[in-house]
Amino acid sequence: MRAGRPSTYRWAAVGCAVLAGAIGWTDALAVVGRAVVREASFVLAGSGEVFAVGTGGVGWKPMGSWTADDGIRPIAAGSYELKWGPKEGTLLIHGSNANPVWPALHGLSCD
C-alpha cells in the first residue's frame, strides 16, 4: 500500500505552526481588523502596548505604551475609548485617582 500525499489541512496546520513560532520570536502580533493591544500585569505594576494593524493583519512595532498602577489591566476591564478616522485614530485609556494610567492618550496611524 502506498502512502498518500499530505492533505491540504496538514500543510495548513504546519504553516500556522511555523507562523506562530515566527511571531513568538518577534514583536509582531497577527490579527485581522483594526487595532490590537497587549497587556501584562505583575504584582503591583501593569503595562500595555497598542499596535495599529493594517490590511496585512500584522502589527510590527507598538505605536504607544503605558504603565498602570496596582497591576490593573484597563483594556481588559473596558476602561478605554478607541476612535478611528479615515487614516488615524486615538486610544484613550481611563485610569482613576487611585490607579492611574500614564500616558493615557495614544495616537494610531494606519500608514
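Reader: Which residues does I93 touch, not counting residues up to four places away in sequence?
Author: I93 touches W66, P74, I75, S79, Y80, V101, A104 and H106, once residues up to four places away in sequence are set aside. Keep in mind that this is a predicted model. A contact here means heavy atoms within 4.5 Å.

Reader: Where is I93 found, and is I93 buried or exposed?
Author: I93 is found in strand β7. Its relative accessibility is 2%, and buried means under 20%, so I93 counts as buried. You can also follow one of its partners in space: the C-alpha atoms of I93 and A104 are separated by 4.9 Å, although the two are eleven residues apart along the chain.

Reader: Which residues make up the largest nonpolar core?
Author: There are eight residues in that core: V50, W66, A68, I75, L91, I93, V101 and L108. The elements giving two or more residues to this core are β5 and β7. Now pick V101 and look around it. Leaving aside neighbours within four places in sequence, V101 is in contact with W66, T67, A68, I72, P74, I93, H94 and G95.

Reader: Let's step back to the whole chain. How many helices and strands are there in the chain?
Author: The chain has one helix and nine strands. Along the sequence, the helix comes at the start of the pattern, which reads α-β-β-β-β-β-β-β-β-β. Of the 111 residues in the chain, 23% are buried. Among contacts with a separation of 6 or more, 43% are between residues 24 or more positions apart.

Reader: How should I read a sheet, and what is the order of strands in the open sheet of four strands?
Author: Here is the general idea first. Strands of a sheet pair through backbone hydrogen bonds, in a parallel or an antiparallel way. In this model, the open sheet of four strands has the order β2-β3-β5-β8, and its pairing is antiparallel. β2 and β8 stand at the edges with a single partner strand each, so one side of each has no neighbour in the sheet. Try tracing β2 and β3, which run antiparallel and are joined by eight bridges. In that pairing, S41 stands opposite G46 in β3.

Reader: What about charged residues? How many salt bridges does a search of the whole structure find?
Author: Side chains of opposite charge can pair when their charged atoms come close. The search of the whole structure finds two salt bridges. One is between R38 and E49, whose closest N and O atoms are 2.8 Å apart. R38 lies in strand β2 and E49 in strand β3, so this pair ties together parts that are eleven residues apart in sequence. R38 is partly exposed, at a relative accessible area of 33%, and E49 is partly exposed too, at 23%.

Reader: How far apart are N and O in the salt bridge of E81 and K83?
Author: For the side chains of E81 and K83, the N to O distance is 3.8 Å. E81 is partly exposed at 33% relative accessibility, whereas K83 is exposed, with a relative accessible area of 53%.

Reader: Can we finish with a loop? Where is A76 found, and is A76 buried or exposed?
Author: Look in the loop between β5 and β6, where A76 is found. With 64% relative accessibility, A76 counts as exposed. The C-alpha atoms of A76 and V37 are separated by 9.5 Å, and these residues are 39 apart along the chain.

Terms used. Residues are numbered from 1 along each chain as its sequence is written. This is a predicted model: local features need pLDDT of at least 70, side-chain atom pairs count only at pLDDT 80 or more; totals for chains, interfaces and linings use all residues. Side-chain values use heavy atoms; hydrogens and water are left out. A salt bridge is a side-chain nitrogen of Lys or Arg within 4 Å of a carboxyl oxygen of Asp or Glu. Buried means under 20% relative accessible area, exposed over 50%, partly exposed in between (1.4 Å probe, protein chains only). Two strands pair if DSSP finds at least two bridges between them. A nonpolar core is a set of buried Ala, Val, Leu, Ile, Met, Phe, Trp, Tyr and Cys residues joined through side-chain atoms within 4.5 Å.
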